[in-house]
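Good morning, everyone, and thank you for making room for me today. Please have a look at what comes up on the screen, and then I will walk you through it slowly.

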Amino acid sequence: MGGAVEEMKWMRGPSASIRGALLGLVLERPGHSYDLGNRLVTRLGETWRISQPDVYRLLRQMEDSGVVQSSEEPKRAGLRGTHAVYFPTELTEDAVARWMETLVPMAPVRVGLQAKLAVARKQDAPRLLSALKQYERECLELLLSTPATPEGTPSWKALFMDCTREAVDGQLKQEIAWAKHTRKRIREYAAAE
Amino acid sequence: MALTPPLLAFEDVSKTYVDGIRDVVVLDRVSFEIHAGVFVGILGERRSGKSTLLRVAAGIEAPTTGTVRFEGVNLASMSSVRREQLLRHDVALMSVQDWSPNPNESVIDYVALSLGSYGSSLRDARYRARRVLARVGMSSRADDPARSLSLVEQARVVLARTLVREPSLLLVDEPAAMPSLSERDEFCALLRSLAAEQNITLVVASEEMTPLHGAGVLMSIGDGELCSTDEQASVVQLPRRRAAGAERG
């Protein structure tokens, strides 16, 4: 029982979703951290804002938990040196299956703006309006950068990518609606005063 | 060297409707520019003002205040001849739900007769209609009664009826209203590819992102405001002294 708890440690914390997705990618095809990071962004879109050092750190953590293992492999033809390529272990498939069943933790992308709103003063209203507008523009840019589902023969992979894209689109649309509505409320309150 | 004016420009445009005793502000001092060749997406919920914005852009409705310019010329100061030319040729507003064939009208005539008598004989209009029906994949139904078409086929014919006028600016209102997701995706891909092929500036308004993927500029509309990925597009942000929708006194 203790072993099972130990095995599930990698699933805890705010980066659990990224770790789970990385694990799924390793299971699909082994890769080095840069390759896995690129594949992650292609699948999830830019909203996840994950950096390469983060991908590397998360892979190392999962290696400590035994759900992936790395091996130093030569870089592709024409490049010198080696790099760590991550492979699945005998635990990986079961770990991914369990992760698929777990509830998704709520992680609002607007948390920074909510913190500002929570402590804002009356004189901060113009700055908040500007920050909200900037945030809305950022969400629109992220919507534009979300990769479209490739056209062609229908496949399970294309279906799942499309569902992911719709989820990202939906979240960003909600953020845009929230930013617009909040700006309207601030403006109306200021005008009525 | 003179700079080319934007194809379409909104300058401080407001549009207000009267709803009972209240003024409803649909567009609130909106400014933006659309340049030729750029695909622009407008994202907004139902009743967010998308359709109003498109109707004002097409010159079908006049703004309450502010100026709308097409190729640098104020729509309000255009001669009646130029304005008619604009509405019949240069700018096209299309909704896939615009389906109103006469009883017993054939598909080809539904497309051809939209050209009216504007510089085109019936024979020429039918020739042009047949060509454009081929481009939207409806050649095989050209001589069938229009009333026999499915919803997806109707949408393709509505697109043909719009493209046969060879507009330079195509405004599309909610192309996502299709019976299935695959049909929606196919129609949106067709719309984008035909606009690109014919060098038409495309503006698509939708509550879904799918028809807007691939846009060069994305705008969101709601509560009278517009926000854009294009920095030049802007709205006045300062709090107003009079609240939107205030009761008329």
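**Two aspartates, a core and an interface**

Let me begin at one particular spot, because of all places it is a loop: D223(B) sits in the loop between β9 (217-222) and β10 (225-228) of chain B. I should say straight away that what you are looking at is a predicted model, and I would ask you to keep that in mind throughout. What is the sign of phi at D223(B)? The value is positive, about 55 degrees, although D223(B) is not a glycine. To put that in context, most residues other than glycine have a negative phi. As for its surroundings, D223(B) has 20 other C-beta atoms within 10 Å, and since 20 or more is the cut-off, D223(B) therefore counts as buried.

Now let us turn to D12(B), which also has a positive phi without being a glycine, in this case near 55 degrees. D12(B) belongs to strand β1, residues 8-19 of chain B. Is D12(B) buried or partly exposed? It has 14 C-beta neighbours inside 10 Å, and because the partly exposed class lies between 12 and 20, D12(B) is placed there.

Stepping back to the whole of chain B, we find 6 helices and 11 strands, and of its 249 residues, 40% are buried. If we take the contacts in chain B with a separation of 6 or more, 72% of them join residues that are 24 or more positions apart.

That brings me to the interior. The largest nonpolar core has 82 residues, and the members that touch the most other members are V111(B), L133(B), A160(B), L171(B) and M219(B). Taking A160(B) as our example, and leaving aside residues up to four places away in sequence, we see that A160(B) touches V111(B), V132(B), L133(B), V136(B) and M138(B). Another core lies apart from that one, with 15 residues that include A21(A), V26(A), M62(A) and A95(A).

Finally, how many residues of each chain take part where chain A and chain B are in contact? There are 23 residues of chain A in contact with 20 residues of chain B. On the chain A side, α7 (125-145) and α8 (156-192) each supply at least two residues, and α8(A) gives the most, with 12 residues. If we sort that side of chain A by chemical character, it divides into 10 nonpolar, 2 polar and 11 charged residues.

Thank you for listening, and I am happy to take questions.

How values were computed:
Residues numbered from 1 in each chain as written. Chains lettered and ligands numbered in written order. Predicted model: local features only at pLDDT ≥ 70, side-chain atom pairs only at ≥ 80, totals over all residues. Helix = DSSP H or I, 4+ residues; strand = E, 2+ residues; numbered from the N terminus. Contact = placed C-beta atoms within 7 Å. Core = buried A, V, L, I, M, F, W, Y, C linked by C-beta atoms within 7 Å. Nonpolar A, V, L, I, M, F, W, Y, C, P; charged D, E, K, R; others polar.
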